[in-house]
Each structure stands twice: as C-alpha cells, then as structure tokens.
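Please find below a short briefing on the arrangement of helices, strands and selected residues in one protein structure.

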Amino acid sequence: MKKIVWILCIQFLAIAGYCQSSTAAGPLPSAAQLKWQDNNFYLFVHFGPNTFTDLEWGKGSEKEEVFNPTALDCRQWCRIAKAAGAKGIILTAKHHDGFCLWPSAYSKHTVAQSNWRNGKGDVLKELSRACKEAGLSFGVYLSPWDRNHPAYGTPEYNDVFVNMMKEVVSAYGPFFEFWWDGANGEGPNGKKQVYDWHRFESTMRSIAPNTILFSDIGPDIRWVGNESGFAGKTNWNLLDTAGFTRGAGAPPADTLNRGNVNGANWIPAECDVSIRPGWFYHASEDAKVKTPGTLFEIYLKSVGRGANFLLNVPADRRGLISAYDSAALMGFAALRTKSFHSSLLEGGDASIQLGAKNVKPELTDGKGNGWISFGKDYKNEFLDIRFNKITELNCIRLKEPLQNGQRVASFTIELLNGNKLLSSLEQTTIGHQRILTFPTQAVTRIRIKITNARADPLISGIAAFKIDSDLVEK
Ligand code: FUL
C-alpha cells in the first residue's frame, strides 16, 4: 500500500511539473556525459620511462630496466587527489614510447620485462585499487602512437591496440574516461600507422558503453584546442565533426576552443594542462610548479567556462607526487573553498524574483533537477536580485540544466546601487557553469537578462561571492 502511495506521489509531482516544462533544444547529452560533466576537476598522471630518462617523448628504444620507481605508492596519489578536491585520476598506461605500465600479453616492452618488483609490478592494478578505496574515478590514457611495437605501421598493429584496450578494460575497468591521444608519428620501422578509429571506437562502445571517450573530436568529449587549460569565453558543448578526423585532420583550434553554436553533436570540452612546464616529472622543473593562484585562474577559465579541468600532476622517480606539486594542490583547494564556500544569495540576505514569481533557493541551487524558465518571452523578463543591505561582490556563478540542452547564447548582468547602474557585463554562453569575476562593486541589486537563446532559457543555479581581489580574472 505504502509503495502505491509513493508511486502516486511521484507521478503527481511529475505531472504537476515541479520543474517548469520546456521545449527541447537538442542535441542533448547522454546520461554518461551529464555525469562526466559533474566531475569538473580531476588529475592526469604522466608516468613511465620518460620519468627516468628526463624526456617528454621517449624513443621507444629505452631498456625496460630504466623503469624502476623506488617507492611507488598509488595510495599517496589518491590521498593528494582527494585532499585537492579532484574527482578522479587518469594514468598514462602507455605513452608514445610504447612502454606498458601493466604486464600486457601483447607487448614485450612492459613492467613485466623490467626489474621493478622483479617484473611482478603492475601500476594499473595498484592505481585501480587505490582509486576504488578512495572513492575516486579511474581513467586510462592509451597512446595509439607506439615507437616501440614491431607491428606498428602494419595492419596487425590495429589488432594489437584493440587487444590492449580489451585487456585493460577487463582487468582494471570500469573506467570513467578513456583517453586517445591523436598523435601519429613513425614507429620503429619508420612507418606511420593508419589507425582503424572506427574499430577502436566500436570496440570501446561494446566493452565499455558507459566510459567517456576522449579524442580531439570525441565521440564523447573533445580537446579544447590548447594545452594551457583555457576554454573559450564562448563555449558550446556542441560540435560539428562531419568531414574531420582525429589528429592532424581535426577542426581548427579555435573551433575546438569554442564549439559550434548549431553543432550536430554533444561533445563538451576538456581542458588538459600540466602543473609543470612538461607532462613528465623533471627535477629541474621543481621550482616551476604552477602556483595556487595560477591554478585558480585556470579553474576560472576551464570549469568557470563550462568545461572540465584535467590537471596533470606527474609522479616522480620514487613513484610519488612530489612535495612541490602537493603543496600547490593544497593551496589551490584552499583558494576554492575560501572563495566558493557560501553564496551571498543564501542565508536570507537577498530575494530573487523572475517577474512576479519568487524564485526559491532550492530551484536555484544547481542540484537535482531544479531550474527556472524565462519562458518564450524571455527578452522581456529578468531575474531581479535584491539585497537587504549594500553588499560587496566580484563573482557571479550561473548554471544551465544541461539535460535540456545548452540554450543561452548571450546574457547581461547589471550591477546596481538602488537605481544607479554601476556596471553592465555582457556575456555569451553559460553551459554547465559560468563563473564570472569582475572588479568589486558595492550593490543592492543585480539584474540578469538573457539576451539571446536557442530555446526558452533555463537556469538551474545562481550564486554570488566576494572572492579575494587578487583572484579576479585579469
Ligand atoms: C600530447 C602528447 O604528445 C603529450 O606528451 C601529452 O601526453 C599530452 C597530454 O598529449 O598529445
């Protein structure tokens, strides 16, 4: 009986439309893409022979015994990732030098041929377990370019690559994300490989349907077009891929950076960047680790522009994250907590209205499915935020409920003291979230107007903050 009452209640809420219904604005994300977008920030770990030879691109001819971490501890990586507020870790299971960090049956250039732990070590196994224990998502980078494998440059290599994908998915999966690097150089016999992308993709889809697949052009998420960690201020989750290929045949960098307003596919951007100048650990770069302030700036220009932030923190020759990198990560986490821990719109100091409607905080907290609709006549509406007292602020965060597609093409934020307009900020897209910073203003009122949209605009989160003035985007 209780069960029936519950079902009726749920149906009633659905019919009554707890959330105002809206017209569709496709393309729409898959459930896996939506979940991925909520990860916001996670770590990349570049680790392998290059860590020991001080190279960025190993030649593939390095002896296996080169790889010999003295104190590998993936739990240490996970502790640091957790404390930094990262949601997961992606490991370079095989970089361009072809060395496999797991004992692959399809290569003779792996941890099994090294002296590390008498050839019994397995970094993938250790990290997959440590991530599970820590409640972190685990992902894998597998370079198709292989400067070691004797079959590279022949059709047989495509079989090798497919077998390796199957091997890692079955032994260490499930993965939240799988990273295909687009690089396509020569192998040991001087030949380039013709990658069978179609087969790579269908293999992954059949064995790991919920894993998000990264390449320059997706299918699930795209490269952002640079390795600085910056998404475009205008950033559509939509992309046209027809006529383009991965690697050298990808769309121009600025298209990857901004997406296409009417793109045919939902392919959001991921911003990959290293905490150091290089991707691999080099002791000579210890003093060049990015500062917490720089990491915060990248956060604003990635997560704050609706993309995800993949921050590379390489393991050193011990197989640990160095104290330099860990200190920078802790400083970065502290800046995020201090800046965003409580919104000035919560706690009863502000009222929010859309026309005659009171906007309740629970519809605007960005959680669950809550959202408000500006309706078809949105150009004549605005969100009216009024504070009880003069309030200083320099940061506003807006969110769109992306399960309904990405809609807002431009919006304006007006900052007022009484009826006096202090400044008017014209912006373009919102997407998963847009975190806007500006010189501090003392306001009593904020007006948010949507000036252009692909369908009736929906907003699922509004927050305002006063962050440290040094952190405001220059
Ligand atoms: C690039 C690679 O060539 C770099 O070494 C690094 O792995 C970066 C994330 O992707 O394509």
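Which elements are included in what covers the buried residues of α7? Helix α6 (155-172), β4 (177-180) and β5 (212-214) are among them. This is a predicted model, in which local features need pLDDT of at least 70 and side-chain atom pairs count only at pLDDT 80 or more, while totals for chains, interfaces and linings use all residues. Residues are numbered from 1 along each chain as its sequence is written, and side-chain values use heavy atoms, with hydrogens and water left out.

**Helix α7**

- Helices (H or I, at least four residues) and strands (E, at least two) are DSSP runs, numbered from the N terminus.
- In helix α7 (residues 197-207), the buried residues (under 20% relative accessible area, 1.4 Å probe, protein chains only) are Trp197, Phe200, Thr203 and Met204.
- These buried residues fall within an arc of 130° when seen down the axis of α7, so they line one face of the helix; the arc is that of the directions from the helix axis to the C-beta atoms.
- His198 and Ser206, both exposed (over 50%), lie on the face of α7 turned away from its buried side.

**The parallel sheet**

- An open sheet with parallel pairing (at least two DSSP bridges between two strands) is formed by 8 strands in the order β5-β4-β3-β2-β1-β10-β9-β6.
- Strands β5 and β6 (222-223) stand at the edges with a single partner strand each, so one side of each is left without a neighbour in the sheet.
- Strand β1 (residues 41-45) pairs with β2 (residues 88-94) in the parallel sense over 3 bridges, and Val45 stands opposite Leu91 in β2.
- Helix α4 (residues 74-83) packs on the sheet and touches β1 and β2, its direction making about 140° with that of β2; axes are lines fitted to C-alpha atoms, for helices over the stretch in contact, and angles run from 0 to 180 degrees between N-to-C directions.
- Helix α9 (residues 292-302) lies across β9 (269-274) and β10 (308-312), running at about 145° to β10.

**Pro144**

- Pro144 is placed in the loop between β3 (137-142) and α6, and counts as buried at 0% relative accessibility.
- Leaving aside neighbours within four places in sequence, Pro144 is in contact (heavy atoms within 4.5 Å) with Lys94, Tyr152, Tyr157, Phe161, Asp181, Tyr195 and Trp197.

**Antiparallel pairs of β17**

- Strand β17 (residues 434-453) pairs in the antiparallel sense with β14 (residues 383-399) over 11 bridges, and Arg445 in β17 is the bridge partner of Arg386.
- Strand β15 (residues 408-417) pairs with β17 in the antiparallel sense over 8 bridges, where Ser410 stands opposite Asn452.
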